[in-house]
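Trainee: Could we go through this structure together, starting with the side chains?
Mentor: Certainly; please bring it up and ask as we go.

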Amino acid sequence: MFRISIFDKFIFKQVLKATLVCLLLFIIVWIAPETLVKIIKKIFTHVWTITEGFKYLVYELPKVLGKAIPVGILLGSLFTFDKLSKDSELSILRGIGLSFNRIMAPVLVFSLFLSFLCFYVSDKMIPYASKATGEGANFNKHFVYIQKDEEQVPTRGIIISNFMTSGIKNLIILNFSNEKYDDAMTFKSIIFAPYALLKDNHWLLPEAKEYKINKGGVYTDIEDIKDYKILEGKLANDVYMMILNSTKKERFFTTKELKEYKDILKEQDFTDEYNFILTKYYQRFLHPVTCILFAAIGCLLGFSPPRSQRLIGFTVAVGMIFAYYITLPFFDLMAQKGAMPPFLAAAFPIIAFTISIFMIKKVKDL
């Protein structure tokens, strides 16, 4: 049975201290160049008070913390084991019969706790902080939705040129006819509406004008319409949610909201967007796993003979961090365009780091 010993407590404390220092340094380096300048500028121009600037800084911290936790445990474990190797303490521990896996045990337990913290930050704290700062709250959106029948034939095109959380404005409704010329759809009418109201089971256009069009493509009459209904039933809420979330970044969503949004996209056959959101959904669970993998990699890179060169381990660690975060958008794009399954795109870094652990362990001859 696993029993907590004195050296477990010692290593745990050393890694905890080093990780906290690395987290603090990472947060300072990440925030200092842009966020602090923005806050100071708005305070001096009297856009924000000092209290508002401080609140904004606090709300920015979770966004950095989600990226900083895996980096912190990697560098923290690396610094700790590098120091233990330099002071010959690891050699002594191995000399009394402890395997390297047993020596790493307290670090892996600590990384398991950090992985749960990392998930909580991404799932709860970052979405809350993003909404609290009002980021993207008044962003104007343009959206086009093609309504189809059971045979996937387009029946109506809905163009929304101005959408905000406060309302849906400037709608153009294209009602397709059954007539086709050279494989092109024709219209039987075009409807303009200044705004729409979202009701329980439909969208309502209180004021609209309908331009009726004949088979020759020329409108024949203009008619004022009161209380015109579109998108009835569950579709009304689904389309509204797609518009509301179409320009949101992944950090705005809780895990539950990501799941609901991806289900709507799948049902409405928005393939590219569905693949992208599905990849982000998988990443929400897989990203915390990097805390455990980075902890193991840091321990392995930090272990070396007392007089060996230290620069290589730190260089490899920094390279892994850089490669991980810079390749995430690439894999997102690959999944979005269908070049790679979403789960594989999300899991590829995890697979690569797992392979790296076995390779480093083999090279280190542990």
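**Side-chain contacts in the model**

Mentor: D263 is partly exposed, because its relative accessibility is 33%. Please keep in mind that this is a predicted model.

Trainee: Which residue does D263 meet in a salt bridge?
Mentor: Its partner is K262, with 3.1 Å from N to O. K262 counts as buried, at 10% relative accessibility.

Trainee: And over which ring does the charged end of K262 sit?
Mentor: Over the ring of Y281, 5.2 Å from its centre. Y281 also belongs to an aromatic cluster with F119, Y282, F285 and F343. A similar arrangement involves K248, whose charged end sits over the ring of F253 at 5.6 Å from the centre.

Trainee: Back to salt bridges: how many are there by the rule?
Mentor: The count comes to twelve. In general, side chains of opposite charge can pair when their charged atoms come close.

Trainee: What is the N to O distance between E250 and R284?
Mentor: Their side chains meet at 2.7 Å. This pair links distant parts of the chain, since E250 is in the loop between α5 and α6 while R284 is in helix α7, 34 residues apart.

Trainee: Is R284 buried or exposed?
Mentor: R284 counts as buried because its relative accessibility is 3%, under the 20% limit. E250, at 27%, counts as partly exposed.

Trainee: Where do D238 and K234 lie?
Mentor: Both are in helix α5, which spans residues 234-245, and they are four residues apart, about one turn of the helix. The closest N and O atoms of their salt bridge are 2.6 Å apart. D238 counts as buried at 4% relative accessibility, whereas K234 counts as exposed at 51%.

Trainee: Which residues are linked with them in a network of salt bridges?
Mentor: The network consists of K234, D238 and E267.

Trainee: Changing topic: how many aromatic pairs does the rule give?
Mentor: The count is 18. One of them is F143 with F270: the ring centres are 6.5 Å apart and the planes are at 5 degrees, so this pair is stacked. The pair links distant parts of the chain, with F143 in strand β1 (residues 141-148) and F270 in the loop between α6 and α7, 127 residues apart. F143 is buried, with a relative accessible area of 9%, and F270 is partly exposed at 26%.

Trainee: Why does the pair of F331 and F348 count as tilted?
Mentor: Because the planes of the two rings are at 35 degrees, with the centres 4.9 Å apart; stacked pairs need planes under 30 degrees apart and edge-to-face pairs over 60. F331 lies in helix α9 (residues 311-336) and F348 in helix α10, so the contact ties together parts that are 17 residues apart in sequence. F331 counts as buried at 8%, while F348 is partly exposed at 39%.

Trainee: Which residues form the nonpolar patch on the surface with F348?
Mentor: L344, I351, I355 and M359 join F348 there, and together the five have about 450 Å² of accessible area. L344 is found in helix α10, residues 342-364, and counts as partly exposed at 35% relative accessibility.

Trainee: One last residue: where does S356 lie?
Mentor: S356 is in helix α10 as well. It is buried, with a relative accessible area of 17%. A polar atom of the S356 side chain lies 2.8 Å from the backbone oxygen of A352.

Terms used. Residues are numbered from 1 along each chain as its sequence is written. This is a predicted model: local features need pLDDT of at least 70, side-chain atom pairs count only at pLDDT 80 or more; totals for chains, interfaces and linings use all residues. Side-chain values use heavy atoms; hydrogens and water are left out. Patches are made of residues with over 30% relative accessible area and no salt bridge: like charges are joined within 9 Å, nonpolar side chains (Val, Leu, Ile, Met, Phe, Trp, Tyr) within 5 Å. Accessible areas come from the Shrake-Rupley method with a 1.4 Å probe; for residues, only the protein chains shown count as cover. A salt bridge is a side-chain nitrogen of Lys or Arg within 4 Å of a carboxyl oxygen of Asp or Glu. Helices (H or I, at least four residues) and strands (E, at least two) are DSSP runs, numbered from the N terminus. Buried means under 20% relative accessible area, exposed over 50%, partly exposed in between (1.4 Å probe, protein chains only). Rings of Phe, Tyr and Trp (its six-membered ring) pair if their centres lie within 6.5 Å; planes under 30 degrees apart count as stacked, over 60 as edge-to-face and the rest as tilted. A charge sits over a ring if NZ of Lys or CZ of Arg is within 6 Å of the ring centre and within 35 degrees of the ring normal. A polar contact is a pair of N or O atoms within 3.5 Å; within protein, one must be able to donate a hydrogen and the other to accept it, and residues adjacent in sequence count only if both atoms are side-chain atoms.
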